[in-house]
Amino acid sequence: MTTVGTHTCHRQLRCTYRAYDAMDEITAAFSIAFNPYGTRIFAGYNKSVRLFDLHRPGRDFEQFSTLQGNKEGQSGIISAIAFSPTHTGMLAMGSYDQTTAIYREDNMELLYVLHGQGGGITHVQFSRDGNYLYTGGRKDPFILCWDIRNSVEIVYKLYRSTEQTNQRIFFDIEPSGRHLGTGGQDGLVHIYDLQTGQWTSSFQAASDTVNGFSFHPFLPMAASSSGERRFGIPDDCSDDFKLGGDENCASVWSFFYTSMTENSACVPFEELNGQAGHEQMQQDGE
């Protein structure tokens, strides 16, 4: 039980799942995800993934190597895991070796490996229909879109300002599956139309790095997180350098969509100026 201010939060530990290495020492996972049916936990490790049965806590697990005998596969830390939302039995795993691989869930068979990210993979997410996969990497300014039915080429790239930070910058797809939102070092949240891959709007969410952005699963809301580790004040900054009130915090935004025509654009509320025939979006900090 933990207490913060006047609020009391009750949490109960139900069970633990522990992985051990070859020296019989506990080793920490770098990524984790439930399978779509909630029966197993997939945990990413260096060159391997461990599968825990939810009903069998403790140290029992299955282990699968992500590097095949012919050196095909993923040779780094498994840093991100996502399952297809359409229950096709496929999952994507990103690695710090700058690759993303698609596997079968039932036997962890490697189907194919995607190459092209400019940094170690930090986030992977399927589209709502399960046909496309979006991947982002560390110090890579582009989110890549892949058609998993034809994995040879990149469909399009979505820009975000991440070239100078080692942080994970998370993105998200809104519930209808039409738009993707992502933050960046510039403090902006960019919104992209996933049908065209085109930028539609952006708004200033913070003065510092926006490292996380997430749409509410059914309400017209989204949340962003901002902040960055700093080691003293830079020498080239003025004496009045200071962080604003919107740094190192989580913010909640209101989003309102009114679909008026097909193939419409997503326009910030502040820039609408009475325009009609567009998909309108309003954002207000709360």
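A residue is called buried here when its relative accessible area is under 20%, exposed when that area is over 50%, and partly exposed in between, with a 1.4 Å probe and protein chains only. The model is predicted, so local features need pLDDT of at least 70 and side-chain atom pairs count only at pLDDT 80 or more, while totals for chains, interfaces and linings use all residues. Residues are numbered from 1 along each chain as its sequence is written, and side-chain values use heavy atoms, with hydrogens and water left out.

**Stop one: arginine 40**

Select arginine 40, which counts as buried at 18% relative accessibility, and then show glutamate 62, which at 43% counts as partly exposed. The two form a salt bridge (a side-chain nitrogen of Lys or Arg within 4 Å of a carboxyl oxygen of Asp or Glu), with their closest N and O atoms 3.7 Å apart. Arginine 40 lies in strand β4 (residues 40-45) and glutamate 62 in strand β6 (residues 62-65), so this pair ties together parts that are 22 residues apart in sequence; strands are DSSP runs (E, at least two residues), numbered from the N terminus.

Next add glutamate 105, buried at 10% relative accessibility, whose salt bridge with arginine 40 has its closest N and O atoms 4.0 Å apart. Because glutamate 105 sits in the loop between β9 (99-104) and β10 (110-115), while arginine 40 is in β4, the pair ties together parts that are 65 residues apart in sequence. Arg40, Glu62 and Glu105 are thus linked in a network of salt bridges.

**Stop two: arginine 149**

Move to arginine 149, which is exposed at 53% relative accessibility, and show aspartate 147, which is buried at 14%. These two also form a salt bridge, the closest N and O atoms being 2.9 Å apart. Adding tyrosine 132 shows that arginine 149 lies over the face of its ring, at 5.4 Å from the ring centre; a charge sits over a ring if NZ of Lys or CZ of Arg is within 6 Å of the ring centre and within 35 degrees of the ring normal.

**Stop three: the aromatic cluster**

Which residues do ring pairs link into a cluster? Select Tyr17, Phe52 and Phe61 to see them, where rings of Phe, Tyr and Trp (its six-membered ring) pair if their centres lie within 6.5 Å, and planes under 30 degrees apart count as stacked, over 60 as edge-to-face and the rest as tilted. The centres of the tyrosine 17 and phenylalanine 52 rings are 6.0 Å apart and their planes stand at 65°, so the pair is edge-to-face. Phenylalanine 52 itself is buried, at 3% relative accessibility.

Key. Helix = DSSP H or I, 4+ residues; strand = E, 2+ residues; numbered from the N terminus.
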